[in-house]
Amino acid sequence: MIDDHPLRYALVNELHARPFPSLEVPCHAVYVAVKQPVDAHNRDRTADSAHLLALLDRYGAAHPPEGATHHGARIGRHDLKWESHTEFVTYSAFGRGVSARPFDPAEAEVFPPDWAATAPGKRVAACLIRVEPLPEDLDAVRACLDDWFVAESLACSWVLDEAAVIAGDFQIDPAGLMRFAVFVRPGTGRRRVGRIVQRLCEIETYRAMSMLGLGRARELTGRLNALDPELSELVAALGNKGRGAEETLDQLLGISAELEAIAVRHTFRFGATGAYEALVNQRVQVLRETRFNGRQTFAEFMMRRYDPAMRTVKSAERRLAQMAARAARAGELLRTRVDVERSAQNQRLLESMDRRADLALRLQHTVEGLSVVAISYYAVSLATYLLLPVAERLHWPKSALTAGLVPLVVLAVWMMIRRIRKGMH
């Protein structure tokens, strides 16, 4: 037998960890997604677990295992499904039957208001989904759609090979819920119904999460609009030799640092926006929509209302990257200019040093001449004292001895200094 990788079973079980709900028509679903406003991916997940346990304890339901990221339980008349994601947690409650009043806010009271008020985050998405049998007369469906939704933004289509009709207007009602209706053709399996409901919840959640990047993009655009003229002015000043390069470089480094700080703050949000957008498009695609009664499909709604927002986010992201690249290129050019100026300064300094060295050499030669005289003077004096007794015996006067020694000593000193200088060179 070959030993299994320690993560093999855990990773395989992850494929089956979040099954679709199995729903019997008619039914309804209440869905809530909660996210912390700031730094949600680094949040304290124990607070999410504590909030879930508070809900389970209200209904006397079983607790999940330690560290679980998903859990299912029976709470009152509803089946609860809880999931913990990278940035948010979701609560889904599925109940049998539908209320007499379409989209009755009382159905959402499965999540008590006082419990919801203590959530460790803010509500980012909330849906109320009504699932009914598809009537034989499709005019009844059209009448319901006209009564329940805003016609201008209504999206409606057949899904999954005309197994059901889904509809929603992506409007938030006074109870803070987004409404979706599902009309299921008789004979459709319960798991297929569950997949449709789950897809609607995912579409709304990922749409809401991805559009958080739109707010960041608008905020970023305002700041980039302020930085762009400054950066353009600095780039234009690169050719102005009257302006100090050091000062310009300091200003450019300040702009580059701010752009880098902005990129650090927004990189995660923009990356997450791209990932959520891909999930939205993928969830819409797997519904396999076909047109119902000439109305716009969910894909068409997303193309007209959702895609422009995503393009705005991508445009802001590209603009930030382009400005950072421009600042980097300008910095390189300016540093090159500074290096050239410093090289010229160094060249002038070397020339000045050469001139000073030449002057020093000339001065040295002058000093050497004076040194010969000085050394010769003291050498003549010493030689005179040394040879004076001999001169007295020979009856030579002291002045004659001194006069005779001077040329000899001067010549000897001069040759000695010259030899020393040659040895040094």
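**View A. E162, with 37% relative accessibility, counts as partly exposed.** Buried here means under 20% relative accessible area, exposed means over 50%, and partly exposed covers the range in between (1.4 Å probe, protein chains only). The areas themselves come from the Shrake-Rupley method with a 1.4 Å probe, and for residues only the protein chains shown count as cover. This is a predicted model, where local features need pLDDT of at least 70 and side-chain atom pairs count only at pLDDT 80 or more, while totals for chains, interfaces and linings use all residues. Residues are numbered from 1 along each chain as its sequence is written, and side-chain values use heavy atoms, with hydrogens and water left out. The partner of E162 is R185: the two form a salt bridge with their closest N and O atoms 3.9 Å apart (a salt bridge is a side-chain nitrogen of Lys or Arg within 4 Å of a carboxyl oxygen of Asp or Glu). R185 sits in the loop between β8 and α5 (190-236), and E162 in the loop between β6 and β7, so this pair, 23 residues apart, links distant parts of the chain. Helices (H or I, at least four residues) and strands (E, at least two) are DSSP runs, numbered from the N terminus. R185 is partly exposed as well, at 35% relative accessibility.

**View B. Here is the open sheet, nine strands with mixed pairing.** Reading across, the order goes β2-β3-β4-β1-β5-β8-β7-β6-β9. At the edges are β2 (70-75) and β9 (290-291), each of which pairs on one side only. Two strands pair if DSSP finds at least two bridges between them. Strand β1 (residues 27-35) runs antiparallel to β4 (residues 88-96), joined by nine bridges. To find your place in that pair, look for A29, whose bridge partner in β4 is F94. Helix α4 (residues 138-148) packs on the sheet and touches β5 (122-133), β6 (155-159), β7 (164-172) and β8 (178-184). Contact means heavy atoms within 4.5 Å. The direction of α4 makes about 175° with that of β8, where axes are lines fitted to C-alpha atoms (for helices over the stretch in contact) and angles run from 0 to 180 degrees between N-to-C directions.

**View C. Two hairpins share strand β7.** Strands β6 and β7 pair in the antiparallel sense over five bridges, with V159 standing opposite A164 in β7. Four residues lie between these two strands, and L160 in the turn has a positive phi of about 50°. On to the next hairpin: β7 and β8 are antiparallel too, over six bridges. A164 turns up again here, with V184 as its bridge partner in β8, and G168 is matched with F180. The β7-β8 hairpin has five residues between its strands, and G176 takes a positive phi near 85°. Because seven of its nine residues are buried, β7 is largely enclosed by the rest of the structure. β8 is mostly covered, with six of its seven residues buried.

**View D. R130 and E132 form a salt bridge between buried residues.** The closest N and O atoms are 2.5 Å apart. R130 also stands opposite A181 in β8. Seven bridges join β5 to β8, and these two strands run parallel.

**View E. D146 reaches R295 from helix α4.** The closest N and O atoms of this salt bridge are 3.2 Å apart. R295 lies in the loop between β9 and α7, 149 residues from D146, so the pair links distant parts of the chain. How buried or exposed is each partner? D146 is partly exposed, at 49% relative accessibility, whereas R295 counts as buried at 18%. Searching the whole structure turns up 22 salt bridges, and R199, E202 and R283 are linked in a network of them.

**View F. L249 belongs to helix α6 (residues 245-286).** Its relative accessible area is 11%, so L249 is buried. Leaving out residues up to four places away in sequence, L249 touches G331, L334, R335 and V338. For scale, L249 and E109 are 61 Å apart in space, C-alpha to C-alpha, and 140 residues apart in sequence.

**View G. L349, L350 and M353 make a nonpolar surface patch of about 280 Å².** Patches are made of residues with over 30% relative accessible area and no salt bridge; like charges are joined within 9 Å, and nonpolar side chains (Val, Leu, Ile, Met, Phe, Trp, Tyr) within 5 Å. L349 is placed in helix α7 (residues 298-393). At 46% relative accessibility, L349 is partly exposed.
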